[in-house]
Each structure stands twice: as C-alpha cells, then as structure tokens.
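User: Please take a close look at one residue in this model and what packs around it. Then set that part in the context of the whole chain.

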Amino acid sequence: MASVTINAPMTGKIIEINVSEGEAVAVGDVLVVIESMKMENEVFSQHDGTLSKLLVEDDQNVSEGDPMLEITFE
C-alpha cells in the first residue's frame, strides 16, 4: 500500500472538513475547505483510497505546505 499526504495549498483557516478517518475517498471529492482572504477554497482528492490520518481540525489556521491529511491507496 502507498500513501500520499495532502498539504495546504495556501495559508488560511480550515472552515469545513468533509471526511473522517477511515472513510473511503474518490478522485474529485471535496476533502476540506480553507478560507483565505475572505474566499472559500475547496481542496479536492487527487486519489481513490482511504483517509488514514486527519491532521487538522475546524477553525485551525494552516500555512501553505502544512500537512492536512493522508490518503492510503493500492
């Protein structure tokens, strides 16, 4: 099994988390929403797999490049 870490694409605040650990995700699923400069930015899954680690929580501030979650796939 392989895994990939999804990092924050920008600095902002986590305003919505749409997945939980152990949940199956597919390409195109909205994983989290980050508010940056009063704009809501959706972060989409680039892989089919299972969310193995959720590293952020609601209302958490993140910086560009911070790890947010990990997806495991075959």
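User: Which residues does I71 touch, not counting residues up to four places away in sequence?

Analyst: This is a predicted model. Start with the list for I71. Beyond residues up to four places away in sequence, I71 touches A2, S3, V4, I6 and V25. L31 and S45 are also touched by I71. The list for I71 ends with the run G49, T50, L51 and S52.

I71 also belongs to the largest nonpolar core, which has 15 residues. Six of these touch the most other members: I6, L31, I34, M68, L69 and I71. Two elements give two or more residues to this core, β4 (30-36) and β8 (67-73).

Now the next residue. T72 lies in strand β8. Is T72 buried or exposed? Its relative accessible area is 16%, and the cut-off for buried is under 20%, so T72 counts as buried. The side chain of T72 makes a polar contact with the side chain of S52, at 3.0 Å. Neighbours within four places in sequence aside, T72 is in contact with M1, A2 and S3, and also with G49, T50 and S52. S52 therefore appears twice for T72, as a contact and as a polar partner under the 3.5 Å cut-off.

L51 is one of the residues touched by I71. L51 sits in strand β6 (residues 49-54). With a relative accessible area of 1%, L51 is buried. Outside its neighbours within four places in sequence, L51 is in contact with V19, S20, E21, G22 and E23. L69, E70 and I71 are contacts of L51 too. M68 is not a name in that set; L51 and M68 are 17 residues apart in sequence, with their C-alpha atoms 11 Å apart in space.

For contrast, take a loop residue. N18 is found between β2 (12-17) and β3 (24-25). N18 is partly exposed, at 32% relative accessibility. The side chain of N18 makes a polar contact with the side chain of E16, at 3.4 Å. Leaving aside neighbours within four places in sequence, N18 is in contact with E23, V30, L31 and V33. L31 is also on the list for I71. The C-alpha atoms of N18 and T72 are separated by 17 Å, and the two residues are 54 apart along the chain.

Next, the sheet. Four strands form an open sheet in the order β5-β4-β2-β7, with antiparallel pairing. β5 (39-44) and β7 (61-62) stand at the edges. Each has a single partner strand, so one side of each is left without a neighbour in the sheet. β2 and β7 pair over two bridges in the antiparallel sense. K13 stands opposite N61 in β7.

Last, the whole chain. The protein has zero helices and eight strands. Along the sequence the pattern reads β-β-β-β-β-β-β-β. Buried residues make up 30% of the 74 residues. Of the contacts between residues at least 6 apart in sequence, 58% join residues at least 24 apart. The C-alpha atoms fill a box of roughly 35 × 20 × 15 Å along the principal axes. The radius of gyration is 11 Å, which agrees with the value near 11 Å for a compact globule with 74 residues. The protein exposes about 4500 Å², and carbon and sulfur atoms supply 45% of it.

Key: Residues are numbered from 1 along each chain as its sequence is written. This is a predicted model: local features need pLDDT of at least 70, side-chain atom pairs count only at pLDDT 80 or more; totals for chains, interfaces and linings use all residues. Side-chain values use heavy atoms; hydrogens and water are left out. A nonpolar core is a set of buried Ala, Val, Leu, Ile, Met, Phe, Trp, Tyr and Cys residues joined through side-chain atoms within 4.5 Å. Buried means under 20% relative accessible area, exposed over 50%, partly exposed in between (1.4 Å probe, protein chains only). Contact means heavy atoms within 4.5 Å. A polar contact is a pair of N or O atoms within 3.5 Å; within protein, one must be able to donate a hydrogen and the other to accept it, and residues adjacent in sequence count only if both atoms are side-chain atoms. The radius of gyration is taken over C-alpha atoms; the globule rule is 2.2 Å times the number of residues to the power 0.38. Accessible areas come from the Shrake-Rupley method with a 1.4 Å probe; for residues, only the protein chains shown count as cover. Two strands pair if DSSP finds at least two bridges between them.
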